[in-house]
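Biologist: Could you take me through the ligand site in this one, slowly? I'd like to hear what surrounds the ligand and how the protein touches it.

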Amino acid sequence: MSGSNKRMLELFYDVVSPYSWLGFEVMCRYSSAWNMNVRLRPSFLAGIMKESGNQPPHQVSKKVIYMLNDLHRLAKYFQVPIKEPKNLFEAVIKKGSLPAMRFVTAVDMEQPDFVELVSREFWMRIWSTDEDITLPDSILSVAQKAGLPSTEAQRLLGLTKAAEGKDRLKRTTEEALKYGSFGLPNIVAHVDGKPHMFFGSDRFMLLADLLGEKWMGPVLPGQKSLL
Ligand SMILES: N[C@@H](CCC(=O)N[C@@H](CS)C(=O)NCC(=O)O)C(=O)O
């Protein structure tokens with residue numbers, strides 16, 4: 001997704017977040033229709049929650065029950081194959097997304113054209129097929145599915161352990177916090193020299209209004225769904 005005289009929007013996301021997946025797919029689907037240059041900003045949700053003083057939703061059981069119900073409806077409506085992992089707590093909270101997001105960050109640094117595909121493959125594993133996203137083999141499998149040559153994938157995996165790769169994820173997360181983030185996804189639209197931050201994948205009608213565009217629902221006519 002690039003282009004010189006397009007509007008600049010940033011999408012801050014983490015693959016541990018299913019709502020980020022919805023926002024990500026919509027931004028990918030609308031990038032041409034709304035003439036947007038969407039900059040993908042891999043971030044770390046646990047860091048955002050901690051630094052903003054927010055509480056992860058699993059601490060309120062009614063919220064979790066509602067969220068899972070909500071996600072079933074949203075999956076169908078957005079045509080994104082979200083299916084919660086059997087052991088939600090273990091996948092999302094215990095294991096988390098640090099190795100995965102460090103890898104997406106390394107891809108962003110070295111192979112930016114692959115960020116979209118790699119991110120989607122991580123979501124497919126954690127939020128659709130209930131597979132691990134933390135072990136080196138899992139990460140290499142994601143890279144392979146996304147089409148990265150295996151020697152390059154190994155090199156990028158090495159970068160996730162280097163200070164440079166770790167710092168970059170930290171810096172992106174700090175940038176999201178500076179825009180006012182307390183959760184993900186965040187869309188930051190740069191309009192008239194000002195950043196406008198939105199939280200969630202349910203504010204596209206407001207984004208459309210800001211951009212002077214038409215919100216036509218999560219799937220544009222004639223577009224391929226992921227289901
Ligand atoms: N209403 C938003 C909810 C997004 C959401 O719940 N995101 C989670 C991560 S998956 C989060 O960061 N929650 C923090 C909060 O709700 O305070 C949407 O539909 O996208």
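Modeller: Here's a walk around the ligand site, with a look at the backbone afterwards. Keep in mind that this is a predicted model. The protein has an average pLDDT of 95, and 98% of the residues score at least 70. For the complex, the predictor reports an ipTM of 0.99 and a pTM of 0.97.

Now the site itself. The ligand takes up the space of the largest pocket. Around the ligand you'll find S17, P18, Y19, L45 and N54, then F182, G183 and L184, and finally F199, G200, S201 and D202. Sorted by type, that shell comes to six nonpolar residues, five polar ones and one charged.

Three of those residues deserve a closer look for polar contacts. N54 puts a polar side-chain atom 2.8 Å from a ligand oxygen. S201 works through its backbone instead, with an N or O atom 2.7 Å from an oxygen atom of the ligand. On D202, a polar side-chain atom sits 2.8 Å from a ligand nitrogen. As for cover, the ligand on its own has 500 Å² of accessible area, and the protein covers 80% of that.

One of the shell residues, L184, also leads into a backbone oddity: its peptide bond to P185 is cis, with omega near 5°. P185 belongs to the loop that runs between α9 (163-178) and β3 (186-191).

There's another backbone detail to check while you have the model open. D130 isn't a glycine, yet it has a positive phi of about 55°. You'll find D130 in the loop between α6 (115-129) and α7 (136-146).

Definitions and conventions
Residues are numbered from 1 along each chain as its sequence is written. Side-chain values use heavy atoms; hydrogens and water are left out. A residue is near a molecule or strand if one of its heavy atoms lies within 4 Å of it. A polar contact is a pair of N or O atoms within 3.5 Å; within protein, one must be able to donate a hydrogen and the other to accept it, and residues adjacent in sequence count only if both atoms are side-chain atoms. Accessible areas come from the Shrake-Rupley method with a 1.4 Å probe; for residues, only the protein chains shown count as cover. On a 1 Å grid over the protein atoms alone, a cavity is a set of points where a 1.4 Å probe fits but cannot get out, and a pocket is an open set with protein on both sides within 12 Å along at least five of seven lines; lining residues have an atom within 4 Å of a point. A molecule sits in a cavity or pocket if more than half of its atoms lie within 2 Å of its grid points. Ala, Val, Leu, Ile, Met, Phe, Trp, Tyr, Cys and Pro count as nonpolar, Asp, Glu, Lys and Arg as charged, and the others, Gly among them, as polar. pLDDT is the predictor's confidence in each residue, from 0 to 100. Helices (H or I, at least four residues) and strands (E, at least two) are DSSP runs, numbered from the N terminus.
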